[in-house]
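Here's a quick tour of some backbone oddities and one buried helix. Have the model open as you read.

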Amino acid sequence: MWRPWAFAPPAAGCPMPLIEAQGLGVRRGSHDILRGVNFRIAGGEIVTVLGPNGSGKSTLIRALIGLEPGSSGAVTRKPGLRIGYVPQRLHVDAALPMTVRRFLSLPRPVSDAVAAEALGRTGVAGLERRQVSALSGGQLQRVLLARALLSAPEILILDEPTQGLDQPGEAAFYKLLEEVRAETGAAVLMVSHDLHVVMRASDRVICLNGHVCCEGTPEIVSAAPEYRALFGMGTGGALALYRHMHDHDHVHDGCDHDHDHHHHEGADA
C-alpha cells in the first residue's frame, strides 16, 4: 500500500530526517521505475544521487517532493518543510520578454533589495535587467538557485543542476552550493551523473539504478575497485560504473537501510 505521507520516529542514532522514503516504489503501467527505495536526508547534509540515464533519478526527486505518485512504500517529510527546487531544465521563449528581476518575483513578489541580495549570494550580481533567455548556462543555473533561496529553504533540491556546463563550470557551481550550505545551514539534495566532480562536494553519495545499489561517504564509494579503475575517465567512465551488475557488497552510512540486490534498468522521465 502506498502511503504518501507517513510519520515515524528516526532510526536510533540518526538525526531527524527532513525527507525520508521507506520501501518507495513508482510504477507506470506495467513498468517499475523505482522499487524498494530507502532514502533519508537530514539537515545540513549534501547528498548526491547518481546513476545512468534511465535509472529513475528524476522520478525519485519528484516522488520525494510529491510531484510523482508512488505505488508502494511511504514518504515522510518534516511538517512545514521549506523546499527550494531547481529543475533540470527551464525553457524560456526568446520572444517572451522576461527580465531576471521579474523572474525572481514569480510567483511571489520580492523587493529590489532582496532580489539583489539573492543574486549577489549566488555570484551573479547586477543581472536584474538581463533577459532570462539571454543568460548563459552558468548564469541561468545561478539565477535559478537565487530564486530557490528566496524562500529561505531548509533543503535545496537540484535535478542535474550543471547539465550543459563544462567541467570548470560544474566545479564552480558545486563550490557555490557548499558555500550556500555553510551560510544558510540548508541541506542539499542533488541529482547528477558527474561522479568525478560531485564526489568532493558530497557528504553522502547514493547510487541508483531503479533501486539503491550502494551508498555511503564519497570515500566509501570511491574505494570500490570498479570506481578506482574508472577514476579519471570522465563522465562516460563514471556512468559505466553504475551499469555493472552490482555484484559487490552494498555499502551505506551509519543509518540502517535495507537494499534490494537485484539489477534493474528503469526508464527515467
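Where is Pro107 found? Pro107 sits in the loop that runs between helix H2 (100-104) and helix H3 (112-121). Keep in mind that this is a predicted model.

## A cis proline

The peptide bond joining Leu106 to Pro107 is cis, with omega at about 0 degrees. So if you're scrolling through the H2 to H3 loop, Pro107 is the residue to stop at, with the cis bond linking it to Leu106.

## Positive phi without glycine

Ala152 isn't a glycine, yet its phi is positive, at about 50 degrees. You'll find Ala152 in the loop between helix H4 (137-149) and strand E7 (155-159). Is Ala152 buried or exposed? Partly exposed: its relative accessible area is 44%, and the buried label needs a value under 20%.

Glu160 is another non-glycine residue with a positive phi, this one near 50 degrees. Glu160 belongs to the loop between E7 and helix H5 (167-184). Glu160 has a relative accessibility of 7%, and because buried means under 20%, Glu160 counts as buried.

## Helix H1, tucked away

How many of the eight residues of helix H1 (residues 57-64) are buried? Eight of the eight are, so H1 is largely enclosed by the rest of the structure. The buried set includes charged-type names you can pick out in the viewer, Lys57 and Arg62, along with Ser58, Thr59, Leu60, Ile61, Ala63 and Leu64.

Just past the end of H1 comes Gly66, where phi is positive at about 90 degrees.

Key. Residues are numbered from 1 along each chain as its sequence is written. This is a predicted model: local features need pLDDT of at least 70, side-chain atom pairs count only at pLDDT 80 or more; totals for chains, interfaces and linings use all residues. Side-chain values use heavy atoms; hydrogens and water are left out. Helices (H or I, at least four residues) and strands (E, at least two) are DSSP runs, numbered from the N terminus. Buried means under 20% relative accessible area, exposed over 50%, partly exposed in between (1.4 Å probe, protein chains only).
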